[in-house]
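Notebook open, structure loaded. I want to go through the charged pairs, the contact between chains and the odd backbone spots, and jot down what turns up.

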Amino acid sequence: MSTARRPSGRSRQWTSDRLLVWTLRGCGVLTGAVVALIAVFLVVESFGALSGVGLLRFFSDPSWHPSAGAAEGTFNLVPMLLGTLLTAAGAVLVATPLGLFSALFCRVYAPTAVARPYRRLIELLAGIPSVVYGFWGLVVLVPLIARFRPPGASLLAGVLILALMILPTIALAADAALSGVPRRYLRGAAALGLGRWATLSGVALPAARSGIATGVILAAGRALGETMAVLMVCGNVVEMPASVFDPVRTLTANIALEMAYAVGDHRSALFVSGLFLLVLVSGLVLAAESIERRKVVG
Amino acid sequence: MTRTILSLASLSLATLAALLLVTAGCRPASSSQSASRLVLTGSSTVAPLAAEIGKRFEASSGIRVDVQTGGSSRGLADARQGLADIGMASRALEAGEEDLASFTIARDGICVIVHRDNPVARLSDAQVVEIFTGRIADWGAVGGAPGPVTVVNKAEGRSTLELFLKHFGIDNRQVRASVVIGDNEQGIKTVAGQAGAVGYVSIGAAEHAAARGVPIKLLPMRSVAATTANVRGGRYPLARPLNLVTLGEPKEPARRFIDFARSEAVHDLVEDLSLVPALESLAAGEASRPSPTES
């Protein structure tokens, strides 16, 4: 809101400049208001469960069987909170090295004839709708895992599908960040007689660090919020997974599975899952910001 | 001073606009006052049939029919609150729901399905209970090839789940599921995808899929084969009515739609979906038609 003050004579005129400023302010307020209103809406809708069931019971109840209502139902969200975190973290762990190395290959090692179609291919991967990934996972990946360790629909399947989905985000962000590294850095490294790998690890990657980190965080956000694909491959059983072959249910899948069928306290409890998800994503954004800031300072 | 007032005014205007946008988006699908539109919400088992009937009804009457899925409980709730003109429920009305009027348009059964390659040909009720509660975890214990059982259960709130549990006298908390699924189609794909899986779905959907070559096997229940014909004959033990529900007696044009949905004019649609036309209308239909499809 603090634009530089102009001389008072000119500021009263309705110049195109002021028109632009006010339009932009309007857009800003609108965007902010939508986010704020969604948050308010979530809180209002989940109020019934938060007051009737109490926040504590979402952590301490023995299980998740909410359809019996506030008094007799049970409302433990912790396994799903964990399911969301584990699938997203696993996917980021798998996809980050893959994405980074594919960007390095594309930017540095691949000849132009290969690099261009390869980049298009990655962009295509980014454009495939999530439900298609989910469908592929359900009919190919899950039966494949089930051959080794039934039931197949598992944390592992979710991690692999999500990794595939966020891989292009990381690869494209890393590719863009690497292309933004100033030429003179690379020439300087070459002049010092550094080899290709030494140039990359010592010069290019540190210079592209913040761009790559942004890509990873965007990808993590997508992994946290993904619904359809994980719903189809994760098994959706509300239990603490003991191994990667056990099924999990994520908060998003919980909402998608039960929302259409839920009434009363059950419905309200699903809004609480939405609220938890919002808090989780906010935490991620804050963490990302603090990491960025520390890097700039240090 | 003018700057502050201006900015305040525009701020509040923008917020107001945003509020309007959001509230407009949040309004639930309300039932139409005008006679030219009907809103149906509820059971995902009834919805495909209602949509097909709706298309034919639209063509003959000019009244638009909107069908939205959301499960039987939502169908009942929406009909009660007036959010829908007609609710759809894939179960009979229970005690405490006397304020609603229900009209059966078709019947359907629920059957246990396994993978086609599974050698198990039948399961007793007790065995089904033991499998779903986790007391039997290996196919070897029920005469199949040894290997872990993958129990496919439905998500909370679905009427297929409620009926299945009620029939076998299980509480959902006792069920030891390996996979939890949403609709019938997902259940069929999950069971088709692995040899050790066992689940339960609508007979109509399962028969339809098996006929298309999907590798699943419908198990008989209490020695009655899980077929549409047996549901039609009233012999299959786990059958359910597919109902249209209204608050009190239906008003026009809901009345016309319900009459149409129960008439013989839609029997081919019911049978196309592997469902069984409602018994009352079937009896009337058989009087005039000498050779029904059932042999």
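**Salt bridges.** I started with Arg249(A), which is buried at a relative accessible area of 4%. Its partner in a salt bridge is Glu258(A), with the closest N and O atoms 2.8 Å apart. Glu258(A) is buried too, at 0% relative accessibility. I keep in mind that this is a predicted model.

In chain B I noted a network: Arg91(B), Glu94(B), Glu97(B) and Glu162(B) are joined into one by salt bridges that share partners.

Back in chain A, I looked up Arg119(A) and found a salt bridge to Asp175(A), the closest N and O atoms being 3.0 Å apart. This pair ties together distant parts of the chain: Arg119(A) sits in helix 6 (residues 112-127) and Asp175(A) in helix 8 (residues 155-179), 56 residues apart. Asp175(A) has 7% relative accessibility, so I put it down as buried, the cut-off being under 20%.

Then I checked Arg57(A), which forms a salt bridge with Asp61(A) at 3.2 Å between the closest N and O atoms. Buried or partly exposed, I asked of Arg57(A)? Arg57(A) comes out as partly exposed at 22%, while Asp61(A) is buried at 10%. A search over all chains gives 23 salt bridges in the whole structure.

**Where the chains meet.** How many salt bridges are counted between chain A and chain B? The count is 0. What I do find across that interface is 4 residue pairs in polar contact, both residues at pLDDT 80 or more. From chain A, helix 2 (16-52), helix 7 (130-148), helix 12 (228-233) and helix 13 (251-258) each supply at least two residues of the side that touches chain B. Helix 2 of chain A gives the most to that side, with 8 residues. Sorting the side of chain A that touches chain B by class, I get 25 nonpolar, 8 polar and 6 charged residues.

For the extent of the contact, I wrote down 39 residues of chain A against 36 residues of chain B. The area buried between the two chains is about 3,100 Å², and carbon and sulfur atoms give 65% of this.

**Chain A as a whole.** I have 14 helices and 2 strands for chain A. Of its 298 residues, 43% count as buried. I also looked at contacts with a separation of 6 or more in chain A: residues 24 or more positions apart account for 69% of them.

**Cysteines.** How many disulfides does a search of the whole structure find? It finds 0 over all chains. I looked at two cysteines of chain A anyway. Cys27(A) is partly exposed with a relative accessible area of 44%, whereas Cys234(A) is buried at 1%.

**Backbone oddities.** My reason for a separate page: most residues other than glycine have a negative phi, and most peptide bonds are trans. Asn236(A) goes the other way, with a positive phi of about 60 degrees. I place Asn236(A) in the loop between helix 12 and helix 13 of chain A, and Asn236(A) is buried, at 1% relative accessible area.

Arg222(B) also has a positive phi, near 50 degrees. Arg222(B) lies in the loop between strand 8 (216-218) and helix 8 (228-232) of chain B and is partly exposed at 48% relative accessibility.

Next I found a cis peptide bond, from Glu252(B) to Pro253(B), with omega near 0 degrees. Pro253(B) is in the loop between strand 9 (239-247) and helix 9 (254-261) of chain B.

**Two buried spots in chain B.** I looked up Gly75(B) in helix 3 (residues 71-81) of chain B and got a relative accessible area of 0%, so Gly75(B) is buried. What does Gly75(B) touch, not counting residues up to four places away in sequence? I listed Thr41(B), Gly42(B), Gly87(B) and Met88(B). I also took the C-alpha to C-alpha distance from Gly75(B) to Asp85(B): 10.0 Å, for 10 residues of sequence.

Last was Asn118(B), in the loop between strand 4 (100-115) and helix 4 (125-132) of chain B. Asn118(B) is buried, with a relative accessible area of 4%. Neighbours within four places in sequence left aside, I have Asn118(B) in contact with Trp139(B), Ala195(B) and Lys217(B).

Definitions and conventions: Residues numbered from 1 in each chain as written. Chains lettered and ligands numbered in written order. Predicted model: local features only at pLDDT ≥ 70, side-chain atom pairs only at ≥ 80, totals over all residues. Heavy atoms only, no water. Helix = DSSP H or I, 4+ residues; strand = E, 2+ residues; numbered from the N terminus. Buried < 20%, exposed > 50% of the residue type's maximum accessible area, 1.4 Å probe, protein only. Contact = heavy atoms within 4.5 Å. Disulfide = S-S within 2.5 Å. Buried area = accessible area lost by both parts, 1.4 Å probe. Salt bridge = Lys/Arg side-chain N within 4 Å of Asp/Glu carboxyl O. Polar contact = N/O pair within 3.5 Å; in protein donor to acceptor, adjacent residues only side chain to side chain. Nonpolar A, V, L, I, M, F, W, Y, C, P; charged D, E, K, R; others polar.
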